[in-house]
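Trainee: I should like to work through this model step by step. Please let each answer end on the point I ask for.

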Amino acid sequence: MPPVQPLHKTTEKRAQTLPSAFAYGLLALLLMGCTSQATEESTGSSDAPVMSEDNGSDTASYDANPVDATSTVKDTANTVDIHISDDVAMGLPAGPSSERHSKWPAGTKYAAQGFWEYLPVGYGNGQNWPLHIFFHGKGENGSGSEADLEKLLTSGPPSYVSKDLWPIAQSSAGDAFVLLSVQNPQTTCHRAEDIDAFIRWAAQQYDVDLTRIYLTGLSCGARGVWNYLKGYLNDDLVAAVVPIAGNGVETWEQHTCSLGAMPIWAFHGDADKTMNVVGTNTPMDGLAGCTDPVPVDAIKTIYEGVGHNS
């Protein structure tokens with residue numbers, strides 16, 4: 001982890017250039033060298049309390065348009081080497097991202113939920129890869145059936161991968177992850193206990209670096225990420241999170257400044273009428289005032305005049 005930095009508050013306007021909030025935020029987290037203290041043993045069963053789901057009422061789907069944001073973290077001394085080796089003969093071959101995107105209905109590979117699996121070029125060559133788990137909005141909830149999983153291709157990372165827009169060419173960060181996009185079978189937002197169970201399963205199922213597990217989410221998915229932190233902050237399984245248009249008020253109220261142990265980059269539109277921007281402002285502005293301890297890495301990006309489509 002890089003040296004402790006104070007929270008940076010940034011305000012950015014929408015622009016039509018790559019990378020997207022997802023790719024940009026994840027690239028920055030990689031460059032910050034965010035890692036957890038996870039070990040092989042820590043991915044087993046958890047004694048952390050089970051938290052009830054957050055009954056968010058948003059039903060909006062996302063088309064996460066590319067945005068232009070300016071990095072507030074520049075720590076080249078701690079840059080993580082994410083170079084993809086030219087020697088991928090023993091791993092998956094190069095090609096369009098959609099060719100390495102697989103649909104796994106509930107009960108086929110993971111019993112409880114269906115999900116989409118993206119594997120990077122070279123996966124299977126013996127190295128361990130960072131793991132990126134994406135949580136969708138409420139409009140994409142479904143049973144995990146083959147038909148319902150198609151909903152996940154309408155927004156966020158699975159949409160980019162399926163359309164061969166995953167930023168492989170723009171930067172190596174796009175293809176440095178195993179990406180899993182899991183469907184929520186509940187009628188509410190993603191539940192913390194479901195997120196925890198899926199992380200633990202995936203960490204043992206795939207060739208992943210257990211110190212580099214990252215969570216991102218949109219709307220109800222971001223709410224789920226915040227709820228996961230509410231119940232499992234001290235588990236040290238997750239290295240960093242990127243919640244977009246979520247609600248972390250209760251998470252902040254429970255943990256206050258200790259929440260700063262988790263690297264967070266939170267995004268929101270200040271004109272969001274579905275998930276009010278207070279859901280991001282409250283925890284992130286709270287962290288901005290923390291001095292003991294100082295947050296490890298906490299960044300807030302607010303889009304002026306943008307609604308729920310941040």
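**Burial, pairs and links in the predicted model**

Mentor: We begin with one side chain of this predicted model. Tyr 303 has a relative accessible area of 0%, so this residue is buried.

Trainee: With which residue does Tyr 303 form a stacked aromatic pair?

Mentor: The two ring centres are 6.2 Å apart, and the planes meet at 15°. A pair counts as stacked when the planes are under 30 degrees apart. The partner of Tyr 303 in this stacked pair is Phe 267.

Trainee: How many residues apart in sequence are the parts that this pair ties together?

Mentor: Phe 267 itself is buried, with 0% relative accessibility. Phe 267 belongs to strand S8 and Tyr 303 to strand S9, so the pair ties together parts whose separation in sequence is 36 residues.

Trainee: Which description fits the pair of Phe 198 and Trp 201: stacked, tilted or edge-to-face?

Mentor: Both residues are buried. They lie in helix H3 (residues 192-205), 3 residues apart, which is about one turn of the helix. Their ring centres are 5.6 Å apart and their planes stand at 35°, so the pair is tilted.

Trainee: Which residues form one aromatic cluster with Phe 198 and Trp 201?

Mentor: The chain has 11 aromatic pairs. The cluster that contains Phe 198 and Trp 201 is completed by Tyr 110, Phe 115 and Tyr 206.

Trainee: What separates Asp 196 and Arg 200 along helix H3, expressed in helical turns?

Mentor: The side chains of Asp 196 and Arg 200 meet in a salt bridge, at 3.0 Å from N to O. Asp 196 is buried at a relative accessible area of 7%, and Arg 200 is buried at 9%. In general, an α-helix has 3.6 residues a turn, so residues three or four places apart point the same way. Asp 196 and Arg 200 are 4 residues apart in helix H3, so their separation is about one helical turn.

Trainee: Lys 109 and Glu 117 also form a salt bridge; which of the two is buried?

Mentor: The N to O distance in this salt bridge is 2.6 Å. Lys 109 has a relative accessible area of 25% and is therefore partly exposed. Buried requires a value under 20%. At 4%, the buried partner is Glu 117.

Trainee: Which residue is linked with Lys 103 and Glu 150 in a network of salt bridges?

Mentor: Glu 150 forms a salt bridge with Lys 103, with the closest N and O atoms 2.7 Å apart. Glu 150 lies in the loop between strand S4 (129-135) and helix H2 (156-162), and Lys 103 in strand S2 (residues 101-104), so the pair ties together parts 47 residues apart in sequence. Glu 150 is partly exposed at 37% relative accessibility, as is Lys 103 at 23%. The network that links these two also includes Glu 146.

Trainee: Where do Cys 189 and Cys 220 lie?

Mentor: These residues form a disulfide with sulfur atoms 1.9 Å apart, and both are buried. With -65° about the S-S bond, the link is left-handed. The disulfide joins distant parts of the chain, 31 residues apart: Cys 189 lies in the loop between strand S5 (178-182) and H3, and Cys 220 in helix H4.

Trainee: Which cysteine of the disulfide between Cys 257 and Cys 290 is partly exposed?

Mentor: The sulfur atoms of this disulfide are 2.0 Å apart. Cys 257 lies in the loop between H5 and S8, and Cys 290 in the loop between H6 and S9, 33 residues apart. Cys 290 has a relative accessible area of 5% and is therefore buried. At 21% relative accessibility, the partly exposed residue is Cys 257.

Trainee: Within what arc do the buried residues of helix H6 fall?

Mentor: The buried residues of H6 (residues 278-288) are Gly 279, Thr 280, Pro 283, Met 284, Gly 286 and Leu 287. Seen down the helix axis, these residues line one face of H6, because they fall within an arc of 155°.

Trainee: Which helices are included in what covers the buried residues of H6?

Mentor: The cover includes strand S8 (264-269) and strand S9 (298-303). Among the helices, it includes H4 (220-232) and H5 (249-255).

How values were computed
Residues are numbered from 1 along each chain as its sequence is written. This is a predicted model: local features need pLDDT of at least 70, side-chain atom pairs count only at pLDDT 80 or more; totals for chains, interfaces and linings use all residues. Side-chain values use heavy atoms; hydrogens and water are left out. Buried means under 20% relative accessible area, exposed over 50%, partly exposed in between (1.4 Å probe, protein chains only). Helices (H or I, at least four residues) and strands (E, at least two) are DSSP runs, numbered from the N terminus. The arc is that of the directions from the helix axis to the C-beta atoms. Contact means heavy atoms within 4.5 Å. Rings of Phe, Tyr and Trp (its six-membered ring) pair if their centres lie within 6.5 Å; planes under 30 degrees apart count as stacked, over 60 as edge-to-face and the rest as tilted. A salt bridge is a side-chain nitrogen of Lys or Arg within 4 Å of a carboxyl oxygen of Asp or Glu. A disulfide is a pair of cysteine sulfur atoms within 2.5 Å.
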